[in-house]
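Trainee: I should like to learn how to read a structural model feature by feature. Might we proceed from a single residue outward to the chain as a whole?

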Amino acid sequence: MIAIPVAPKSTVQKLNTASYIDEVVCLETPFNFQAVGQFYMDFDQVSDEEAIKILEEFNS
């Protein structure tokens with residue numbers, strides 16, 4: 001299963017045909033999709049170092 005808050009319709013269709021995904025949950029597939037950040041009030045970038053730290057903490 002994959003769950004995503006927003007994505008282009010074409011992406012959801014591709015995910016639905018992937019053999020390694022049994023279910024796709026997507027809350028919105030807006031017509032005017034350009035980027036995920038356009039649908040959030042606060043969508044700050046995360047540095048590579050911060051992302052690595054978060055993943056390491058999650059995996060420990």
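**From one residue to the whole chain**

Mentor: Let us begin with Ala7, which lies in the loop between β1 (2-6) and α1 (9-17). Helices (H or I, at least four residues) and strands (E, at least two) are DSSP runs, numbered from the N terminus. The model is predicted, so local features need pLDDT of at least 70 and side-chain atom pairs count only at pLDDT 80 or more, while totals for chains, interfaces and linings use all residues. Residues are numbered from 1 along each chain as its sequence is written, and side-chain values use heavy atoms, with hydrogens and water left out.

Trainee: Is Ala7 buried or exposed?

Mentor: Buried means under 20% relative accessible area, exposed over 50%, and partly exposed in between (1.4 Å probe, protein chains only). Ala7 counts as buried because its relative accessibility is 4%.

Trainee: Which residues does Ala7 touch?

Mentor: A contact means heavy atoms within 4.5 Å. Leaving aside residues up to four places away in sequence, Ala7 touches Val12, Cys26, Glu28, Thr29, Pro30 and Phe33. Glu28 has its place in strand β2, and with the same exclusion it touches Pro5, Val6 and Ala7. At 48% relative accessibility, Glu28 counts as partly exposed.

Trainee: How should separation in sequence be set against separation in space?

Mentor: The two are stated side by side. Glu28 and Pro8 are 20 residues apart in sequence and 8.4 Å apart in space, C-alpha to C-alpha. For Ala7 and Glu23, 16 residues apart along the chain, the C-alpha atoms are separated by 15 Å. Asp42 and Met1 are 41 residues apart in sequence and 26 Å apart in space, again C-alpha to C-alpha.

Trainee: Where does Asp42 lie?

Mentor: Asp42 lies in the loop between β2 and α2, and at 55% relative accessibility it counts as exposed. Val36 lies in the loop between β2 (24-28) and α2 as well, but is partly exposed, with a relative accessible area of 31%.

Trainee: Which residues make the nonpolar surface patch?

Mentor: Patches are made of residues with over 30% relative accessible area and no salt bridge (a side-chain nitrogen of Lys or Arg within 4 Å of a carboxyl oxygen of Asp or Glu). Like charges are joined within 9 Å, and nonpolar side chains (Val, Leu, Ile, Met, Phe, Trp, Tyr) within 5 Å. Here Val36, Phe39, Tyr40 and Phe43 make a nonpolar patch of about 330 Å²; accessible areas come from the Shrake-Rupley method with a 1.4 Å probe, and for residues only the protein chains shown count as cover.

Trainee: How many residues of α2 are buried?

Mentor: The count is zero among its twelve residues, and α2 is hardly covered.

Trainee: What pattern does the chain follow along the sequence?

Mentor: The pattern is β-α-β-α. The radius of gyration, taken over C-alpha atoms, is set against the globule rule, 2.2 Å times the number of residues to the power 0.38. The chain has a radius of gyration of 14 Å, well over the 10 Å that the rule gives for 60 residues, so it is more spread out than a compact globule. Buried residues make up 13% of the 60 residues.
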